Each structure stands twice: as structure tokens, then as C-alpha cells.
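Visitor: Please take a close look at one helix of this model and explain how its residues are arranged and what surrounds it.

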Amino acid sequence: ETPIDQAVAYAQNGVRLDTSSQRARAALAGALLVKGELAAARAEVESALELNPDSLVYLEWIGWLMTLLGEWERGPALLRRARDPNPHVIPVARHALWLAHLRSGEIEESYQAALQYRDPTFFLRAMMRACCLGHLGRIEEAKVEVAELLATKPDFPSRGRTLIGRHVKFPDLLESVVGGLEKAGLQLDRE
């Protein structure tokens, strides 16, 4: 068993213990997303939303999951609906908006979402910014973000595609992220 298999099993157990828990269903959807079982993840995230479509707390998580699962209009709309009454959304909301804008070729909007991503303890912030700055041709600024990324995650050149691919499940979008990083001066190994 791999850790992701265990995560799926624990989340499934959580859903069995409380079928009306948005938290358990969102956790299961997230684990299934990382595992790559997108259809099952979509079903769980839909179930989570149906349980309480007005929950501001879980709208952020559900909107993030929906976006990463390819609901490019609906996911960001849920995130915006959660953000309107609370501008201090959790970081994953900005991650999803960054990705949705990047997918649409809206690089400046993607960069603005990356700037609003607040969690400095994880490599995503620097990666998101470096990717956008690379696409925007702002190479000197991008190099600063690449340096921060490598300080946080020194093995990123060898593991980057895998790490990005845990949440970015669409090959063309994954290549857009990698392409932005390459323009920023960061070459990722083919895994």
C-alpha cells in the first residue's frame, strides 16, 4: 500500500462513518484527485456540494477541487461566491484561480492570483509566481521566485513534474506550468 492508498481508505472510512459530512467527502475527493481517479473524485465533490451548497467554509475546498477536476467555470464561480463575503479565503482558492486563468491564457490574471497566494511554507507560491513571470517574459523577477522555490524545495528540478502532477491532471496544463518555469530558467527532468 502506498500513502495515497491509505489516504483514500481513511477518507472512505470517514464517509462511511458520517455520510453527511462535507469534510469527509471533500477529503475523499482530494485523495482520489491525487491518486488520479478523477471520475470518482468528481462524484464525491458533487456529493459534498449537494450536502450544503451554501457552506462558506466548504465552498472554498469544493471550488478548488472542482477546478482541479476540470470544472473550469463552475469551480472558480464557487470560489468567487465564497470569497465575496470573505475576502480572506484559504490559499487553495488562489491556487485554483491561478490555474484556471493560466489554462485560459490569462497570464496577468493568473499572476495576480499567484500574488494573492499567502502560504509561504509550501513551494506552490514561488512556483506559481515563477511560472507566470516566465510566461510574461519578466525573467529577472522570475529568477528570484525560482531561487525561493529551490530554497524551499531543492529537489524540485528532479521531482517537479511529479509534484505538479499531483494536482494538475491535464497534460496540456501541466506542460503550460512546466513551460512557464522553463522560461523562468528552471529546467525540470523528464520523469
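Guide: What follows is a close look at helix H3 and at the loop after it.

The model is predicted, so local features are given only at pLDDT of at least 70 and side-chain atom pairs only at pLDDT 80 or more, whereas totals for chains, interfaces and linings use all residues. Residues are numbered from 1 along each chain as its sequence is written, and side-chain values rest on heavy atoms, with hydrogens and water left out.

Helix H3 covers residues 38-51, where a helix is a DSSP run of H or I with at least four residues, numbered from the N terminus. For its 14 residues, a rise of 1.5 Å a residue gives an expected span of 20 Å, and the C-alpha atoms at its ends are indeed 20 Å apart, in agreement with that figure; the expected span is defined as 1.5 Å times one less than the number of residues.

Within H3, the buried residues are Leu38, Ala41, Glu44, Val45, Ala48 and Leu49, with buried meaning under 20% relative accessible area, exposed over 50% and partly exposed in between, for a 1.4 Å probe and protein chains only. Viewed down the helix axis, these buried residues fall within an arc of 140°, so they line one face of H3; the arc is that of the directions from the helix axis to the C-beta atoms. As background, an α-helix has 3.6 residues a turn, so residues three or four places apart point the same way. On the face of H3 turned away from the buried side sit the exposed residues Ala39 and Glu50.

What do the buried residues of H3 pack against? Their partners are helix H1 (3-17), helix H2 (22-35), H4 and helix H5 (74-83), contact being taken as heavy atoms within 4.5 Å.

One of these partners, H4 (56-68), is joined to H3 by a loop, and serine 55 has its place in that loop. Serine 55 is buried, with a relative accessible area of 12%, and a polar atom of its side chain lies 3.3 Å from the backbone nitrogen of tyrosine 58. For reference, a polar contact is a pair of N or O atoms within 3.5 Å, in which, within protein, one must be able to donate a hydrogen and the other to accept it, while residues adjacent in sequence count only if both atoms are side-chain atoms.

Technical notes. Helices (H or I, at least four residues) and strands (E, at least two) are DSSP runs, numbered from the N terminus.
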